[in-house]
Every structure is written in structure tokens, then in C-alpha cells.
Amino acid sequence: MTANTETRLRPLAAGDVDRLTRLDAMTSGGGSRTSFFERRLKAEQARAEGFFSCIAERGGNIVGFALGHLLDGEFGVKGRVAVLDAIAVDPGTQRQGVARALMDEFDRVARARGANEMRTQAQWNQPALVEFFAAAGFRLAPRVVLERPTEYVNF
């Protein structure tokens with residue numbers, strides 16, 4: 001695809017799950033997250049005010065996506081926060097403005113729904129994603145994220 005191909009943005013639709021799953025696996029190097037995308041579609045259909053998505057298409061092909069949701073007052077934060085849950089751009093269209101268009105639309109929707117801050121997370125061993133987030137204006141948060149298995153009982 002060429003850089004001058006028009007990018008069309010639209011919400012997630014039922015027929016997108018397989019294509020999103022393939023694009024996600026291709027860009028993340030991970031396995032299939034079909035169930036994640038199916039659950040997200042159902043959540044967005046059931047509670048459109050709390051979830052949102054943006055699909056980028058060129059020539060009828062999905063070349064990128066961004067999925068997010070809104071939180072109110074979570075983790076001691078006052079106000080509404082937009083959370084970017086997943087983002088991906090087809091490697092053949094990277095550095096052609098697709099991710100910028102996705103982020104611009106994500107910002108527009110988040111502001112329209114009352115959010116004045118956006119959060120996301122990335123694995124430290126995905127330097128390209130961390131670099132993208134830095135270029136998109138994200139900075140390290142003053143929080144430490146902790147995790148443990150739910151079966152942990154040694155305390």
C-alpha cells in the first residue's frame with residue numbers, strides 16, 4: 001500500500017474480529033487473542049458509553065485499530081480517564097500516519113466523553129511500542145504496577 005492511500009476510520013464491527021486477531025498477532029508477536037476481541041465487541045455493543053474503538057481501513061482492508069474504555073475515579077484518580085487497551089498498525093502501513101489518525105480519533109472521543117487524561121501500558125521488552133507511546137506524548141506515570149498470581153497464599 002502506498003502512503004497516499006486514504007485512511008477511513010470507523011467503529012469496530014462484528015465481522016472485524018478475525019482480522020483484528022490476525023493483525024494483533026502479527027504486530028505483537030503473541031498468540032491469538034480472539035476471545036479478547038470477541039469480549040470487547042460484546043462490551044462495546046452492550047455499553048457503548050464506556051467502551052470505544054477505532055478501526056483504520058485502506059482500500060477496504062483493516063490496517064490498524066485502537067480499542068479503549070473509560071474509568072471514573074479508579075485508583076484514587078478524580079474524574080474520568082480514557083484507557084487505551086490495544087493498538088496495532090499493519091507493518092506495511094507503519095510510518096504512514098495510520099497510528100496518528102487512530103490516536104487523534106481516540107483523543108477526540110475521549111474528550112467528547114469527558115476524559116482529560118489517557119493511560120495505557122506496554123511491556124518493557126517492546127521498545128518500538130514504548131517509543132511510539134513516547135512520541136504520542138505518553139510519559140511514565142508516578143504509579144508502580146504490581147501483579148501476582150491469584151493462588152498466592154504465603155502471607
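**Exercise 1. Place Asp-16 and describe its surroundings.**

Start with a polar atom of the Asp-16 side chain: the backbone nitrogen of Ala-13 lies 2.7 Å from it. The model is predicted; local features need pLDDT of at least 70, side-chain atom pairs count only at pLDDT 80 or more, and totals for chains, interfaces and linings use all residues. Residues are numbered from 1 along each chain as its sequence is written, and side-chain values use heavy atoms, with hydrogens and water left out.

Next, the location. Asp-16 sits in the loop between strand S1 (8-10) and helix H1 (17-28). Helices (H or I, at least four residues) and strands (E, at least two) are DSSP runs, numbered from the N terminus.

Then the burial. Asp-16 has a relative accessible area of 2%, so it counts as buried (under 20%; exposed is over 50%, partly exposed in between; 1.4 Å probe, protein chains only).

Last, the contacts (heavy atoms within 4.5 Å). Beyond four places in sequence, Asp-16 touches Arg-10, Pro-11, Ile-55 and Ile-62.

**Exercise 2. Characterise Ala-99.**

Ala-99 belongs to helix H3 (residues 98-112). Its relative accessible area is 18%, so Ala-99 is buried. Outside four places in sequence, Ala-99 is in contact with Val-89 and Phe-132.

**Exercise 3. Work out the sheet.**

Take the order first. Five strands form an open sheet, S1-S2-S3-S4-S5, with mixed pairing. Pairing requires at least two DSSP bridges between two strands. S1 and strand S5 (115-119) are the edge strands, each pairing on one side only.

Now one pair. Strands S2 (residues 51-58) and S3 (residues 61-72) run antiparallel, joined by eight bridges. Phe-52 stands opposite Gly-68 in S3.

Definitions and conventions. A polar contact is a pair of N or O atoms within 3.5 Å; within protein, one must be able to donate a hydrogen and the other to accept it, and residues adjacent in sequence count only if both atoms are side-chain atoms.
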